[in-house]
Amino acid sequence: MKLLTEIPAFDPDGDLNVVIETPKGSHNKYAYDEEFGAFRFKAVMPEGNLFPHDFGFVPSTLGEDGDPLDVLVLLDVPLPVGCLLSARPLGVIEAEQREPDGKIERNDRLLAVATKARTHAHVHRLEDLRPGLLDEIEAFFGHYNALSGRRFTPVGRGGPERARALIEAGIAARKKAR
């Protein structure tokens, strides 16, 4: 059986493959455990904190943090943990993350729209999102990380071209690590 992290990053149509780890609206944080080929329960979010959109990873990639690239997916309804879907990259929130030990690493967040989305079908670039949404997403990740003693600091935003460049770099990094 193929591990979810070994699925190609792009599907045959050229859309991004995404594996959902944590559904929109979830109080629970899940993460794919490649060693066991299963989703591991990681944490319960404090009361009032929910994931704003489906959160997952791009298979066959590796980010600077040593994990597959993170992606937040806009879709009409939440998908279940482990669901594989196709999405089109909208852009990226480039960010640095300071760990409790002081170590700083890049931990960018890709943003994408599910190719089968209805509500967000018109969204192709970050500029197509409603005003304030990116600020809200950055605030969510800042608060989420602060609860674990980490500091999430956005350092820039990029469009679909920048997102694709990060994905290609992530694919190359994964191949090199193997």
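## A walk through the model, from a strand to its pockets

Let's begin at Arg157, a residue of strand β9, which covers residues 151-158. Keep in mind as you look around that this is a predicted model. Is Arg157 buried, exposed or something in between? With a relative accessible area of 41%, Arg157 is partly exposed, because that class lies between the 20% limit for buried and the 50% limit for exposed. Which residues does Arg157 touch, once its neighbours within four places in sequence are set aside? Its contacts are Val92, Glu94, Leu126, Leu134, Asp135 and Glu138. Now try finding Lys103: Lys103 and Arg157 are 54 residues apart along the chain, and 22 Å separates their C-alpha atoms.

Our next stop is helix α2. This helix has 18 residues, and at 1.5 Å a residue they should span 26 Å. The C-alpha atoms at its two ends are 25 Å apart, so the expected span and the model agree. Several residues of α2 are buried, namely Pro160, Ala163, Leu166, Ile167, Gly170, Ile171 and Arg174. Why can we say that they share one side of the helix? Around the axis they cover an arc of only 145°, and therefore they sit on the same side of α2. What lies over these buried residues? Their cover includes β1 (16-22), β5, β6 (84-98) and β8 (109-114). Turn the helix around in your viewer, and on the face pointing away from the buried side you will find the exposed residues Glu161, Lys175 and Lys176.

Helix α2 also holds Ala173. At 28% relative accessibility, Ala173 counts as partly exposed, because this value falls between the limits of 20% and 50%. Along the chain, Ala173 and Gly66 are 107 residues apart, yet their C-alpha atoms are separated by 9.5 Å.

Now for a loop. Ser60 belongs to the loop between β4 and β5. What is the sign of phi in most residues other than glycine? It is negative for most of them. Ser60 has a positive phi of about 60°, although it is not a glycine. Ser60 is also buried: its relative accessible area is 17%, and the limit for that class is under 20%.

Finally, let's look at the empty spaces. How can such spaces be found? A probe the size of a water molecule, rolled over the atoms, shows where space is left empty. In this model, the largest pocket holds about 750 Å³ of space. Its lining is made of 34 residues, and those nearest its centre are Lys29, Ala31, Lys42, Asp67 and Tyr144. The elements giving two or more residues to this lining are β2 (28-33), β3 (38-44), β4 (54-58) and α1 (133-146). Sorted by class, the lining of the largest pocket has 14 nonpolar, six polar and 14 charged residues.

The second largest pocket holds about 200 Å³ of space. Of its 16 lining residues, Gly63, Glu64, Leu69, Asp108 and Leu166 are closest to the centre. Two elements, β5 (69-74) and α2 (160-177), each supply at least two residues of this lining. Which element gives the most? Here we meet our helix again: α2 gives the most, with five residues. The classes in the lining of the second largest pocket are six nonpolar, three polar and seven charged residues. Leu166 ties two parts of the tour together, since we met it among the buried residues of α2, and here it is one of the residues closest to the centre of the second largest pocket.

Conventions
Residues are numbered from 1 along each chain as its sequence is written. This is a predicted model: local features need pLDDT of at least 70, side-chain atom pairs count only at pLDDT 80 or more; totals for chains, interfaces and linings use all residues. Side-chain values use heavy atoms; hydrogens and water are left out. On a 1 Å grid over the protein atoms alone, a cavity is a set of points where a 1.4 Å probe fits but cannot get out, and a pocket is an open set with protein on both sides within 12 Å along at least five of seven lines; lining residues have an atom within 4 Å of a point. Grid points are joined across faces, edges and corners, and a volume is the space filled by probe spheres set on the points. Helices (H or I, at least four residues) and strands (E, at least two) are DSSP runs, numbered from the N terminus. Ala, Val, Leu, Ile, Met, Phe, Trp, Tyr, Cys and Pro count as nonpolar, Asp, Glu, Lys and Arg as charged, and the others, Gly among them, as polar. The expected span of a helix is 1.5 Å times one less than its number of residues. Buried means under 20% relative accessible area, exposed over 50%, partly exposed in between (1.4 Å probe, protein chains only). The arc is that of the directions from the helix axis to the C-beta atoms. Contact means heavy atoms within 4.5 Å.
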